[in-house]
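Reader: Could you walk me through how to read ring pairs and helix packing in a model like this one?

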Amino acid sequence: ASEMALHFENGRDGEKSARYLLISADNAARKYAHRDAVATLRHALDLLSAVTTDSARALELDVLEKMSDAHYALGEMEESAEVDGHAATLASGRRWKAQQVSALTRAARALSFLDPDDCVTVCESAAEVSADIDDPLLAARTALLAACWRVVNNGWTRRDADICAASRKKILELQGANLP
């Protein structure tokens, strides 16, 4: 993958090079070489900054997701949350709401260690965005996540318990026993 990335980079095809760098970063992460993965992903972002297509922006979101995961695995919560914030902003600007929700919920995992109030705020933002999407499963999962973080960080309330129960019921209704 690294050789192919270099080949396409030398051929001035930044998008194809970034795709192979993403594969290379995945390989590094599987070997627990998360710092190498971050460096590889930063290079992919540099290459993608010169490409203006929608497919490059979608790929950029994939790169940012992997970068956040690598920072998280390294215990670099601030960096993970920052990368996810950038991904959420990029997705919002493109009106890619499902990707925005994904980035916000990833940010919440890091923020839970850094600032519980921000964690809750970000989850509530994700729930608001997901309510505007025609994806009832995503909306139910996001509402459940927001309610759970409120319970963890602020204590139990009947309202959050009801949200959790309704979300769980909706998820079971939509997915049956095949819950992830």
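Author: We'll take the aromatic pairs, then the helix packing, then one buried residue. Keep in mind that this is a predicted model.

Reader: Fine. What do I look at in a ring pair, and how many aromatic pairs are there here?

Author: In general, a pair of aromatic rings is described by how far apart the centres are and by the angle of the planes. In this model the count comes to two aromatic pairs. Take Phe 8 and Tyr 20: their centres are 5.7 Å apart, with 10 degrees between the planes, and the pair is stacked. Phe 8 belongs to helix 1 (residues 2–10) and Tyr 20 to helix 2 (residues 14–30), so this pair ties together parts that are twelve residues apart in sequence.

Reader: Are Phe 8 and Tyr 20 buried or exposed?

Author: Phe 8 is buried, at a relative accessible area of 17%. Tyr 20 has 27%, which makes it partly exposed.

Reader: And how do the rings of Tyr 72 and Phe 113 sit?

Author: That pair is tilted, because the planes are at 55 degrees, with the centres 6.3 Å apart; planes need to be over 60 degrees apart to count as edge-to-face. Tyr 72 is in helix 4 (residues 54–73) and Phe 113 in helix 6 (residues 97–114), so the pair links distant parts of the chain, 41 residues apart. Tyr 72 is partly exposed at 27% relative accessibility, while Phe 113 is exposed at 56%.

Reader: What lies over the face of Tyr 72?

Author: Arg 109 does, at 4.4 Å from the ring centre.

Reader: Now the helices. How do I read two that pack together?

Author: The general recipe for two packed helices is the angle between their axes plus the distance between the axes. Try helix 4 and helix 6: the axes come within 11 Å and cross at roughly 15 degrees. That makes helix 4 roughly parallel to helix 6, and their crossing is left-handed.

Reader: Which residues meet between helix 4 and helix 6?

Author: From helix 4 you have Leu 61, Glu 65, Ser 68, Asp 69 and Tyr 72, and they meet Gln 99, Arg 106, Arg 109, Ala 110 and Phe 113 of helix 6. You'll recognise the tilted pair, Tyr 72 and Phe 113, in there. Have a look at Ser 68 too: it is buried, with a relative accessible area of 0%. Apart from its neighbours within four places in sequence, Ser 68 is in contact with Ser 80, Val 83, Asp 84, Arg 106 and Arg 109.

Reader: How do helix 2 and helix 4 cross?

Author: Their axes come within 11 Å and cross at roughly 20 degrees, so helix 2 and helix 4 are roughly parallel to each other. Helix 2 passes helix 4 in a left-handed crossing. On the helix 2 side, Glu 15, Ala 18, Arg 19, Leu 22 and Asp 26 take part; they meet residues of helix 4 including Ser 55, Leu 59, Asp 62 and Lys 66.

Reader: Last one: where does Thr 142 lie, and what is it in contact with?

Author: Thr 142 lies in helix 8 (residues 136–154) and is buried, at a relative accessible area of 3%. Leaving aside neighbours within four places in sequence, Thr 142 is in contact with Val 101, Thr 105, Cys 123, Ala 126, Ala 127 and Ser 130. Compare sequence with space as well: Thr 142 and Ser 102 are 40 residues apart in sequence, and 9.2 Å apart in space, C-alpha to C-alpha.

Definitions and conventions
Residues are numbered from 1 along each chain as its sequence is written. This is a predicted model: local features need pLDDT of at least 70, side-chain atom pairs count only at pLDDT 80 or more; totals for chains, interfaces and linings use all residues. Side-chain values use heavy atoms; hydrogens and water are left out. Rings of Phe, Tyr and Trp (its six-membered ring) pair if their centres lie within 6.5 Å; planes under 30 degrees apart count as stacked, over 60 as edge-to-face and the rest as tilted. Helices (H or I, at least four residues) and strands (E, at least two) are DSSP runs, numbered from the N terminus. Buried means under 20% relative accessible area, exposed over 50%, partly exposed in between (1.4 Å probe, protein chains only). A charge sits over a ring if NZ of Lys or CZ of Arg is within 6 Å of the ring centre and within 35 degrees of the ring normal. Contact means heavy atoms within 4.5 Å. Axes are lines fitted to C-alpha atoms, for helices over the stretch in contact, and angles run from 0 to 180 degrees between N-to-C directions. Angles under 35 degrees count as roughly parallel, over 145 as roughly antiparallel, 65 to 115 as roughly perpendicular and the rest as oblique. A crossing is left-handed if the near helix is turned anticlockwise from the far one by less than a right angle, and right-handed if clockwise.
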